[in-house]
Amino acid sequence: MSATQMERDAVVGSRVRWRSVAVPSEHGGWGLTLEPVLLGLLIGPSLGGLALGVAAFTAFLLRTPAKLIAVDVRRGRWLDRTHLARRVVIAETVVLAVAVAVAVVLAGWSWLVPVVIAGPLVAVEFWFDIRSRGRRLIPELCGAIGISAVAASIVIAAGQGGGLAAGLWLVLAARAVGAIPFVRVQIVRLRRGRGALWQSDLSQAVSVAVAAGAVVADQRTLLGALGIALLAAAQFVWVRREPLPAKQIGLRQMGMGLALVVVTAVGVLW
């Protein structure tokens, strides 16, 4: 092997190590983080809200190296990846702290209420993460519902009322409650040829009930709640059809999530 080839292999290997430490592997997590940030900024645009969006996205990235460190410490080991993860955690923690500080300066402290309420949900997800059980249903739901609180924080930072903030959070929580079990059932069907359809069906019913709670909190979320009902009906039908490849399922879910954000924003603003 030539020296040039060895250098290229070393560069590729370095990139792979950085990616495994710094880039979240949960493809659905990108959309579930983007949706509340986008919804909050569409309805309540502000510089403070933008800072919260940056903080939320940084916290999403920070979870991956923090989880690696916690897992390694729990197992009593300190590897090369642990050193690398520590460097990433330090850098991302600085970015997160700066973003939060900017949000406090521009918008005060009121936006912290949804964050505090969502804190136990995020803690449950991280508890499962450090035990390498983060792909189970409970932590996935807790994480998705917890990050949805960002939409509530952003609209509060823009001076909107608590009712609207709660309504938006519930719409996004309903989206997660319906989507995550549906996707899990589809993945099981892809791997085993069959799955428990009732689990997806039950989640659709619960998602519609949660969306109804959003309308109770603020009637302006009605269009978003109707969007949830439409998604629930679609997923009730799709779960009985031949499952798509995992990548296509993920892309479809991302598209539906962004469509729900737009519909919800239109309903609130118009």
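**Figure 1. Three helices line the largest cavity of this predicted model.** Start with the elements around the space: H8, H9 and helix H10 (222-238) each supply at least two residues of the lining of the largest cavity. The structure holds 1 cavity of 30 Å³ or more, and about 50 Å³ of space lies in the largest cavity. To find the lining in the model, look for Ala 174, Arg 175, Gly 178 and Ala 179, together with Gln 204 and Ser 207, and then Ile 228, Leu 231, Ala 232 and Gln 235. Sorted by class, this lining has 5 nonpolar, 4 polar and 1 charged residues.

**Figure 2. Here is the second largest pocket, with 16 lining residues.** The space in this pocket comes to about 340 Å³. Helix H6 (137-147), helix H8 (162-192) and helix H9 (197-217) are the elements that give two or more residues to its lining. Which helix provides the largest share of the lining of the second largest pocket? That is H8, with 6 residues. If you would like a place to begin, Leu 137, Pro 181, Arg 184, Val 185 and Gln 199 are the lining residues that lie nearest the centre of the pocket. The classes of the lining are 10 nonpolar, 3 polar and 3 charged residues.

**Figure 3. Helices H6 and H8 meet in a right-handed crossing.** The axes of H6 and H8 come within 9 Å and cross at roughly 150 degrees. Because angles over 145 degrees count as roughly antiparallel, H6 is roughly antiparallel to H8. On the H6 side of the contact you will find Leu 137, Glu 140, Leu 141, Ala 144 and Ile 145. These meet Trp 169, Ala 173, Ala 176, Val 177, Ile 180, Pro 181 and Arg 184 in H8. The residues of this contact divide into 10 nonpolar, no polar and 2 charged. Some names may look familiar from the pocket view: Leu 137, Pro 181 and Arg 184 take part in the contact and are among the residues nearest the centre of the second largest pocket.

**Figure 4. Helix H3 passes helix H7 in a right-handed crossing.** This view moves to helix H3 (residues 47-74) and helix H7 (residues 149-157), whose axes come within 8 Å and cross at roughly 160 degrees. That angle makes H3 roughly antiparallel to H7. In H3, the residues to look for are Gly 49, Leu 52, Gly 53 and Ala 56; in H7, they are Val 150, Ser 153, Ile 154 and Ala 157. By class, the contact of H3 with H7 has 5 nonpolar residues, 3 polar residues and no charged ones.

**Figure 5. Helix H3 also contacts helix H5, at an oblique angle.** How do the axes of H3 and helix H5 (residues 112-129) lie, and at what angle do they cross? They come within 9 Å and cross at roughly 50 degrees, which makes H3 oblique to H5. From H3, the contact takes in Arg 63, Ala 66, Lys 67, Ala 70 and Val 71. From H5, the partners are Glu 125, Phe 126 and Asp 129. The contact of H3 with H5 has 4 nonpolar, no polar and 4 charged residues.

Conventions:
Residues numbered from 1 in each chain as written. Predicted model: local features only at pLDDT ≥ 70, side-chain atom pairs only at ≥ 80, totals over all residues. Heavy atoms only, no water. 1 Å grid on protein atoms, 1.4 Å probe; cavity = no way out; pocket = protein on both sides within 12 Å on 5 of 7 lines; lining within 4 Å. Points joined across faces, edges and corners; volume = space filled by probe spheres on them. Helix = DSSP H or I, 4+ residues; strand = E, 2+ residues; numbered from the N terminus. Nonpolar A, V, L, I, M, F, W, Y, C, P; charged D, E, K, R; others polar. Axes fitted to C-alpha atoms, helices over the stretch in contact; angles between N-to-C directions. Parallel < 35°, antiparallel > 145°, perpendicular 65-115°, else oblique. Left-handed = near helix turned anticlockwise from the far one by under 90°. Contact = heavy atoms within 4.5 Å.
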